[in-house]
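Subject: Structure handover

Hello,

Here is the structure we talked about passing on. My notes follow below it.

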There are 8 protein chains.
Amino acid sequence: MGSDSDLPVMSQCLEALEKFGLPYEVQILSAHRLPDETADFARRAVERGFAVVIAGAGGAAHLAGVIAALTPLPVIAVPLGGSGLGGIDALYAMVQMPRGIPVATVAVDGAYNAGILAAKIIGATDPEVRGRVAEFKQELAQKVSEKNLRLQEMGHKKYLEESR
Amino acid sequence: MGSDSDLPVMSQCLEALEKFGLPYEVQILSAHRLPDETADFARRAVERGFAVVIAGAGGAAHLAGVIAALTPLPVIAVPLGGSGLGGIDALYAMVQMPRGIPVATVAVDGAYNAGILAAKIIGATDPEVRGRVAEFKQELAQKVSEKNLRLQEMGHKKYLEESR
Amino acid sequence: MGSDSDLPVMSQCLEALEKFGLPYEVQILSAHRLPDETADFARRAVERGFAVVIAGAGGAAHLAGVIAALTPLPVIAVPLGGSGLGGIDALYAMVQMPRGIPVATVAVDGAYNAGILAAKIIGATDPEVRGRVAEFKQELAQKVSEKNLRLQEMGHKKYLEESR
Amino acid sequence: MGSDSDLPVMSQCLEALEKFGLPYEVQILSAHRLPDETADFARRAVERGFAVVIAGAGGAAHLAGVIAALTPLPVIAVPLGGSGLGGIDALYAMVQMPRGIPVATVAVDGAYNAGILAAKIIGATDPEVRGRVAEFKQELAQKVSEKNLRLQEMGHKKYLEESR
Amino acid sequence: MGSDSDLPVMSQCLEALEKFGLPYEVQILSAHRLPDETADFARRAVERGFAVVIAGAGGAAHLAGVIAALTPLPVIAVPLGGSGLGGIDALYAMVQMPRGIPVATVAVDGAYNAGILAAKIIGATDPEVRGRVAEFKQELAQKVSEKNLRLQEMGHKKYLEESR
Amino acid sequence: MGSDSDLPVMSQCLEALEKFGLPYEVQILSAHRLPDETADFARRAVERGFAVVIAGAGGAAHLAGVIAALTPLPVIAVPLGGSGLGGIDALYAMVQMPRGIPVATVAVDGAYNAGILAAKIIGATDPEVRGRVAEFKQELAQKVSEKNLRLQEMGHKKYLEESR
Amino acid sequence: MGSDSDLPVMSQCLEALEKFGLPYEVQILSAHRLPDETADFARRAVERGFAVVIAGAGGAAHLAGVIAALTPLPVIAVPLGGSGLGGIDALYAMVQMPRGIPVATVAVDGAYNAGILAAKIIGATDPEVRGRVAEFKQELAQKVSEKNLRLQEMGHKKYLEESR
Amino acid sequence: MGSDSDLPVMSQCLEALEKFGLPYEVQILSAHRLPDETADFARRAVERGFAVVIAGAGGAAHLAGVIAALTPLPVIAVPLGGSGLGGIDALYAMVQMPRGIPVATVAVDGAYNAGILAAKIIGATDPEVRGRVAEFKQELAQKVSEKNLRLQEMGHKKYLEESR
């Protein structure tokens with residue numbers, strides 16, 4: 001991530017990775033303030049054994065693109081919404097990458113989803129991880145189903161009261 | 001893709017996949033007009049041996065999200081810009097997926113990049129494909145370098161004239 | 001609705017439906033997290049006797065479109081504004097439906113209006129419900145008239161003080 | 001519609017209505033240039049036997065809202081994109097109606113869909129019209145299916161060539 | 001204004017009118033909820049002796065346009081920002097009026113400026129009111145000058161502390 | 001206006017002024033390229049007998065605001081849409097004036113309406129000009145009525161053909 | 001700056017200038033409320049020995065452009081985000097300057113960066129100031145490095161807790 | 001510049017630099033496709049004797065920021081508008097730089113102005129270049145004055161005809 005102020009949002013990503021049992025490393029790098037270390041990290045990502053890089057940044061968010069320029073690994077971009085333009089600046093600065101150098105962009109502040117997407121990417125070729133993603137999706141469905149059941153049983157007025 | 005009118009843009013994606021030697025299947029499906037077939041395709045994608053799904057659509061572009069809801073495979077979303085709102089509608093309708101169901105969104109009309117991203121995703125765990133991505137990046141660099149060299153040699157005025 | 005976190009806004013819709021004496025059923029479904037149940041709900045909506053479906057969702061809001069794809073009934077879409085992009089994402093993801101599959105979109109967070117629109121839709125062919133809509137409109141006018149009268153009587157300074 | 005320059009887009013709506021066998025009347029009215037006639041039309045719409053009103057306008061598009069203020073009938077709003085702001089102005093001016101007076105907004109330039117939505121609204125309580133909507137949806141699916149089949153048979157390169 | 005919830009902002013307009021010694025009348029009208037009274041007000045504005053109408057509304061703000069349709073008097077539009085889209089919806093719904101029916105739009109929540117603009121409009125042909133506007137402008141300049149002088153004297157650090 | 005490239009749009013304004021029999025003077029001034037002459041024009045506008053100033057500019061459109069800063073006369077702002085951002089830049093740069101210095105903004109490229117608004121402003125206190133505005137509004141209504149009548153007589157299909 | 005309410009943000013600019021040992025003068029001027037003094041300041045900026053002018057303003061932010069029109073010195077524009085449109089209005093009103101009169105725009109509320117940019121501009125030809133900018137960049141990198149080191153040592157969970 | 005397709009716009013920048021007699025070097029570099037060469041160029045810019053760097057790029061335009069990260073020299077950013085989002089993506093990706101690393105952003109496609117801004121930056125400390133900027137501004141004023149004079153002499157109708 002580009003700054004330690006991004007950690008509260010980006011730590012949701014780590015939570016998701018832990019859920020899928022995927023090992024990770026977390027770094028504060030910055031395309032603008034620490035360009036050499038960022039480039040060095042990107043260049044060595046393959047040899048250090050990473051499979052996916054997740055980059056979260058706000059404003060003129062260059063981190064994902066700068067890393068994608070230097071590694072053949074897939075890079076997931078998380079536009080962060082703390083800036084004055086509500087994250088639209090980071091979204092455009094990440095998703096609109098030029099021909100040849102894609103990044104995989106998720107929603108504004110979508111750090112948790114970035115972790116899931118990393119698992120899906122590993123799972124593209126690894127059936128075990130894919131299985132964990134499939135289970136996760138069933139759990140998700142289960143939780144919504146249970147909420148719906150509870151809503152049917154107690155009615156929306158009581159449900160609203162209790163969830164306050 | 002959601003309509004055969006998307007084919008001129010989406011065929012760039014196939015071009016990229018061919019470049020990386022990745023086999024593919026191309027379908028006109030539609031979350032809205034062919035919902036059952038789309039759901040069926042998504043549900044059977046794993047057993048049919050796909051590793052990645054790429055979905056291109058415009059307007060209220062639901063195709064990527066609807067498929068992502070039904071498969072643990074990574075889904076790449078290509079927002080298409082033919083609609084009245086210049087692709088911002090499709091971008092928002094794709095990238096802003098809810099917690100739990102990410103898609104990997106690329107630039108508006110970024111079909112070519114979607115193909116590269118698919119290769120990067122396969123390459124996350126497959127060193128050979130990753131190698132091809134690395135080579136592709138070198139070719140890209142080479143081409144820009146050559147153009148720059150040519151620009152240095154002939155000067156920008158002559159370069160401009162010739163490229164007209 | 002797509003999540004129980006949407007209930008505080010969406011319950012305004014139920015309030016409106018009760019005002020018009022229209023029976024309803026409320027479900028937490030999700031185009032992304034509960035796709036099969038959502039599809040099942042949509043497919044059976046006619047035979048279960050519904051006349052109108054109201055779908056509220058935020059972000060890349062697919063719920064209305066996914067249901068509209070599977071039922072000939074009119075679907076009212078309520079874009080919810082809780083996401084990082086202030087509801088513009090949900091608005092675009094709902095209103096920009098492709099040729100052939102319309103949804104009837106109301107304002108961002110316009111759940112109350114969705115209930116009224118449902119009554120107007122029933123009232124298109126049912127004179128009694130239409131009459132209730134006409135009465136409701138008179139009540140609305142009455143209330144604004146009374147406020148205006150009160151403003152004329154007490155002057156805007158006193159009115160402001162009292163409404164604080 | 002607000003101007004005869006809207007007729008090329010709005011006539012798609014009439015095409016859709018004819019497809020569903022629904023009788024209609026088409027008027028050039030204008031909330032701004034013909035306010036009395038517009039108000040008169042809206043007030044008499046019920047007694048003249050209309051079930052649905054469809055209003056298409058561009059820019060600061062008030063036509064749908066002005067009519068909705070004066071009739072209990074459902075009003076479908078078609079934001080037209082000919083203005084300098086690409087239809088976003090008309091979209092916001094239509095969809096963001098205040099509490100109490102909803103309109104059913106479709107996509108920018110979505111006149112065809114407005115016709116289908118009118119049929120869905122009639123079909124909410126009229127099984128025959130609903131049946132025609134269901135058939136229409138099957139035809140839509142059929143057409144996409146056929147295109148897909150053709151694409152599978154001839155491959156995307158040949159398909160592209162032929163569709164040029 | 002369209003609702004009594006607009007009064008806190010719109011009362012700034014009255015403050016400005018009082019500053020210029022201009023008599024006024026304040027009404028809660030609504031293009032959507034009180035269409036007949038609004039139309040009646042607009043039609044009778046000339047004969048009742050008004051010179052300028054100021055209309056403040058939010059969301060799909062039709063009030064200014066609906067009044068402008070029915071009176072030859074200049075109408076000043078104040079887009080109000082309380083809605084979910086931050087006032088951009090009201091701005092577009094007001095400023096993008098069609099050829100033939102202009103309104104004079106001021107900034108989002110610019111009610112105070114609407115009052116000044118009314119004075120400028122009266123002052124276009126009335127030298128005394130114009131003189132008051134000129135004096136007001138001098139006062140404005142005076143106030144900024146004094147603040148600047150104070151800033152020069154105490155330095156920005158002390159100035160900041162004191163203004164907290 | 002800020003540049004002679006604005007003349008094709010801004011001349012519509014002069015057309016409207018001529019329609020209302022209002023004398024005018026047209027100048028190419030520029031807040032940025034001709035700041036002294038612009039300031040001089042603004043400062044002398046009252047003594048030279050102008051009642052209203054109309055300023056059309058594109059991009060970071062400062063012309064209206066710069067003139068409004070230097071004259072008590074009402075200034076009408078016409079945001080011009082030729083720039084890369086489709087006129088939204090000019091609209092924001094004009095309409096969002098600070099407290100104390102309003103301008104009366106019309107639609108993007110709304111030069112014709114600026115001329116009508118000028119007539120409405122003169123007509124605020126001049127019954128003869130107001131009468132001409134009222135007549136103009138009747139003519140407008142008449143024209144739309146005639147088009148509508150023609151549409152009723154020939155049907156929309158024939159009308160469409162003939163207007164092509 | 002255009003108003004003393006801008007001082008809390010704009011004082012960050014002064015902080016940066018002090019860091020680089022650059023002398024400065026701070027003024028509350030206003031293109032709209034104090035046009036003569038602003039023009040006078042701009043015209044005399046060269047003879048008074050200034051090298052760079054930094055202008056911060058919000059809304060229809062004309063201050064930078066108005067000064068740039070009257071001085072050959074570089075003008076840095078700081079769009080301020082306090083207005084209703086979140087600073088996008090000020091950004092567009094500043095950055096979209098017409099051909100011939102550029103300003104150097106920084107991020108919304110980017111006052112601190114404006115100070116650094118001023119130092120970079122002086123440093124374009126002054127090696128000592130450029131040296132200070134280079135040192136500043138090293139300090140920045142150092143700080144991010146230290147944070148990263150600390151994150152590696154304590155892990156992200158503990159880091160998060162401590163930074164709360 | 002990021003690609004040779006940017007040359008038609010960016011060559012306007014060179015035209016401006018030539019006008020001010022400033023020597024320059026033009027390179028096709030790319031933050032994404034040629035990251036090492038770009039970094040190398042940025043790191044060596046000071047020792048190679050450059051005073052200012054001008055970077056033009058479109059889409060997720062990282063070129064200016066990536067260079068600014070590696071040099072203490074001022075970097076001028078030209079957002080290019082050829083992409084699907086009309087240059088707003090490039091504008092946000094350039095102007096919204098994080099605290100510590102500013103770039104000086106000009107208008108979308110404002111390459112000519114970037115050249116002038118470079119001259120202003122050199123002129124901040126070099127009186128001769130500043131003198132040339134002052135002369136340029138007088139020429140600009142002269143040209144607009146002449147156009148205005150011509151407009152006064154021939155009237156706007158004839159002027160329009162001749163400029164067609």
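**The E–C interface**

Two salt bridges are counted between chain E and chain C. One of them pairs Lys147(C) with Asp4(E), with the closest N and O atoms 3.3 Å apart. Please keep in mind that this is a predicted model.

Polar contacts also run across this interface. Six residue pairs make them between chain E and chain C, with both residues at pLDDT 80 or more. On the chain E side, helix α1 (residues 7-19) gives the most to the surface that touches chain C: five residues. By class, that side of chain E has nine nonpolar, three polar and four charged residues.

How many residues of each chain are in contact here? Chain E brings 16 residues and chain C brings 15. The area buried between the two chains is about 1,400 Å². Carbon and sulfur atoms give 67% of that area. Three residues supply 35% of what chain E buries against chain C: Ile28(E), Arg33(E) and Leu85(E). No other three residues supply more.

**Chains that do not touch**

Two pairs can be crossed off. Chain C and chain F make no contact, and their nearest C-alpha atoms are 17 Å apart. Chain E and chain H are not in contact either, with their closest C-alpha atoms 17 Å apart.

**Chain A on its own**

Chain A has 164 residues, and 65% of them count as buried. Its secondary structure comes to six helices and three strands. Along the sequence the order is α-α-β-α-β-α-β-α-α. The C-alpha atoms of chain A fill a box of roughly 60 × 40 × 30 Å along the principal axes.

Contacts in chain A reach across the sequence. Take those with a separation of 6 or more: 62% of them join residues 24 or more positions apart.

**Asn148(G), facing chain A**

Asn148(G) is in helix α6 (residues 127-163) of chain G. Is Asn148(G) buried or exposed? Its relative accessibility is 9%, so Asn148(G) counts as buried, the cut-off being under 20%.

Which residues of chain A does Asn148(G) touch? They are Val26(A), Gln27(A), Ile28(A) and Leu29(A), leaving aside residues up to four places away in sequence. With Gln27(A) there is also a polar contact, side chain to side chain, at 2.8 Å.

**Asp109(H), in a loop**

Asp109(H) is in the loop between β3 (104-105) and α5 (111-123) of chain H. Its relative accessible area is 34%, so Asp109(H) is partly exposed: the value falls between 20% and 50%.

Beyond residues up to four places away in sequence, Asp109(H) touches Val9(H), Val78(H), Pro79(H), Leu80(H) and Gly81(H). Gln12(H) is 97 residues from Asp109(H) along the chain, yet their C-alpha atoms are separated by 9.6 Å.

**Cysteines**

How many disulfides does a search of the whole structure find? The count is zero over all chains. Cys13(F) has 3% relative accessibility and so counts as buried. Cys13(G) is also buried, with a relative accessible area of 3%.

**Where to look when you open it**

I would begin with the salt bridge between Lys147(C) and Asp4(E). Then turn to the side-chain contact between Asn148(G) and Gln27(A). Finish at Asp109(H), in its loop of chain H.

Best wishes

How values were computed. Residues are numbered from 1 along each chain as its sequence is written. Chains are lettered from A and ligands numbered from 1 in the order in which they are written. This is a predicted model: local features need pLDDT of at least 70, side-chain atom pairs count only at pLDDT 80 or more; totals for chains, interfaces and linings use all residues. Side-chain values use heavy atoms; hydrogens and water are left out. Contact means heavy atoms within 4.5 Å. Buried area is the accessible area (1.4 Å probe) that two parts lose on being put together, summed over both. A salt bridge is a side-chain nitrogen of Lys or Arg within 4 Å of a carboxyl oxygen of Asp or Glu. A polar contact is a pair of N or O atoms within 3.5 Å; within protein, one must be able to donate a hydrogen and the other to accept it, and residues adjacent in sequence count only if both atoms are side-chain atoms. Helices (H or I, at least four residues) and strands (E, at least two) are DSSP runs, numbered from the N terminus. Ala, Val, Leu, Ile, Met, Phe, Trp, Tyr, Cys and Pro count as nonpolar, Asp, Glu, Lys and Arg as charged, and the others, Gly among them, as polar. A disulfide is a pair of cysteine sulfur atoms within 2.5 Å. Buried means under 20% relative accessible area, exposed over 50%, partly exposed in between (1.4 Å probe, protein chains only).
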